[in-house]
Amino acid sequence: MTEQSAAHDAAVTDRARLTGSAYRSGRDLAARQALYRWQTPRHDLPGLVAEQLRGVRGRVVDVGCGNGTFIQRLRADRPDLALLGLDLSPGILAGVPGPVAVADATRLPLATGSVGAALALHMLYHVPDIPRAIRELSRVVARDGVLVASTTRARDKAELEDLWQRAAGDVLGTGRGPARIALGARFTLEQAPALLGEEFGRVETIELPGTVTVREPGPVIAHMASYRAWADQYDVPFEATIERARTILVDHIARYGAFEVRSMAGILVCRR
């Protein structure tokens, strides 16, 4: 591992940063989630997760539940389930209804085989020891249970990366600026099946590709600004780069009518 990649991993997994800034509240996570409103085809991710749990009974735990998007949907669709939300950040849990608890994904406060299903949605890349977290998820899921995880491909939203580097280069006067933090790089759809397969005999990947099309800069700028917790990792003035990106977007949309971003997300359904 290079010094740069080690620094990236440390920033993405730093507990103090995650709980004290990135997920101190649900604001920035909501901004990232909101971008998918402009995606076609529109994938109902909470609904797809609920569908994978159709044969599950009893307790379901959402590990790294964040702002509770999936828990709220499951409460509506599956009132028969005993839902528990766990997250590292007490701040973000404040707005999640129902039973919740602060917990580390590598030390779950649950008995072995005690849940019919576990969710680990867009969160395993934040865990310092991903294999250990997967072992812990496997431990708490019953033998006939299911784990549903989600993440993105390595080239997900590459257009946002290009926009950031163009804007950063303009701010720095270097032509093309440094890359931004890639949260999902430690656990991509390319890597995930092998990692999950160490504990689960059957891992099915359900790809959810789409194109986000915006005709005004607001949604994209809000998404990019939601990475402010990692502003010190960018080697460029963060707010100035965001504003330069806004100007580039305005010009692009005026010229082409829209700005498009290719989304490459997916879910992984894991059984023994």
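## Getting to know this chain: worked exercises

The protein chain has an accessible surface of about 12200 Å², and 51% of that area belongs to carbon and sulfur atoms. Keep in mind that this is a predicted model. Grab the structure above and let's work through it.

### Exercise 1: the whole chain

**Task.** Work out how the radius of gyration of the protein chain stands against that of a compact globule with 272 residues.

**Solution.**
- Start with the parts: the protein chain holds 11 helices and eight strands.
- Next, the extent. The C-alpha trace covers about 55 × 40 × 35 Å along its principal axes.
- Now the check. A compact globule of 272 residues would have a radius of gyration near 19 Å, and the protein chain has 19 Å, so the two agree.
- Look at burial too: 51% of the 272 residues are buried.
- Finally, take the contacts with a separation of 6 or more: 77% of them join residues 24 or more positions apart.

### Exercise 2: two loop residues

**Task.** Decide whether Thr 188 is buried or exposed, then do the same for Asp 156.

**Solution.**
- Find Thr 188 in the loop between α8 (158-172) and α9 (192-197).
- Its relative accessible area is 5%. The cut-off for buried is under 20%, so Thr 188 counts as buried.
- Who's around it? Leaving out residues up to four places away in sequence, Thr 188 touches Thr 151, Thr 152, Arg 153 and Ala 154.
- Move on to Asp 156, which sits in the loop between β6 and α8.
- With a relative accessible area of 16%, Asp 156 is buried as well.
- Beyond its neighbours within four places in sequence, Asp 156 is in contact with Arg 262, Ser 263, Met 264 and Ala 265.

### Exercise 3: a covered helix

**Task.** Find out how many of the eight residues of helix α10 are buried, and which they are.

**Solution.**
- Helix α10 runs over residues 218-225, and six of its eight residues are buried, making it mostly covered.
- The buried ones are Pro 219, Val 220, Ile 221, His 223, Met 224 and Ala 225.
- Then ask what lies over them. The cover includes α3 (27-34), α8, β7 (202-214), α11 (238-256) and β8 (259-271).

### Exercise 4: a residue on α11

**Task.** Place Arg 244 in the fold and say how accessible it is.

**Solution.**
- Arg 244 belongs to helix α11.
- Its relative accessibility is 30%, so Arg 244 counts as partly exposed.
- Setting aside residues up to four places away in sequence, Arg 244 touches Ala 167, Asp 170 and Val 171.
- For a sense of distance, try Val 100: Arg 244 and Val 100 are 144 residues apart in sequence, with 40 Å between their C-alpha atoms.

### Exercise 5: the second largest pocket

**Task.** Work out which element gives the largest share of the lining of the second largest pocket, and how the lining residues divide into nonpolar, polar and charged.

**Solution.**
- The second largest pocket holds about 150 Å³ of space.
- Its lining is made of Glu 51, Gln 52, Arg 54, Gly 55, Val 56, Arg 57, Gly 116, Asp 144, Gly 145, Val 146 and Arg 271.
- Sort these by element: α4 (45-52) and β6 (141-152) each supply at least two of the lining residues.
- The largest share, three residues, comes from β6.
- Sort by type next, and you get two nonpolar, four polar and five charged residues.

Notes:
Residues are numbered from 1 along each chain as its sequence is written. This is a predicted model: local features need pLDDT of at least 70, side-chain atom pairs count only at pLDDT 80 or more; totals for chains, interfaces and linings use all residues. Side-chain values use heavy atoms; hydrogens and water are left out. On a 1 Å grid over the protein atoms alone, a cavity is a set of points where a 1.4 Å probe fits but cannot get out, and a pocket is an open set with protein on both sides within 12 Å along at least five of seven lines; lining residues have an atom within 4 Å of a point. Grid points are joined across faces, edges and corners, and a volume is the space filled by probe spheres set on the points. Helices (H or I, at least four residues) and strands (E, at least two) are DSSP runs, numbered from the N terminus. Ala, Val, Leu, Ile, Met, Phe, Trp, Tyr, Cys and Pro count as nonpolar, Asp, Glu, Lys and Arg as charged, and the others, Gly among them, as polar. The radius of gyration is taken over C-alpha atoms; the globule rule is 2.2 Å times the number of residues to the power 0.38. Buried means under 20% relative accessible area, exposed over 50%, partly exposed in between (1.4 Å probe, protein chains only). Contact means heavy atoms within 4.5 Å. Accessible areas come from the Shrake-Rupley method with a 1.4 Å probe; for residues, only the protein chains shown count as cover.
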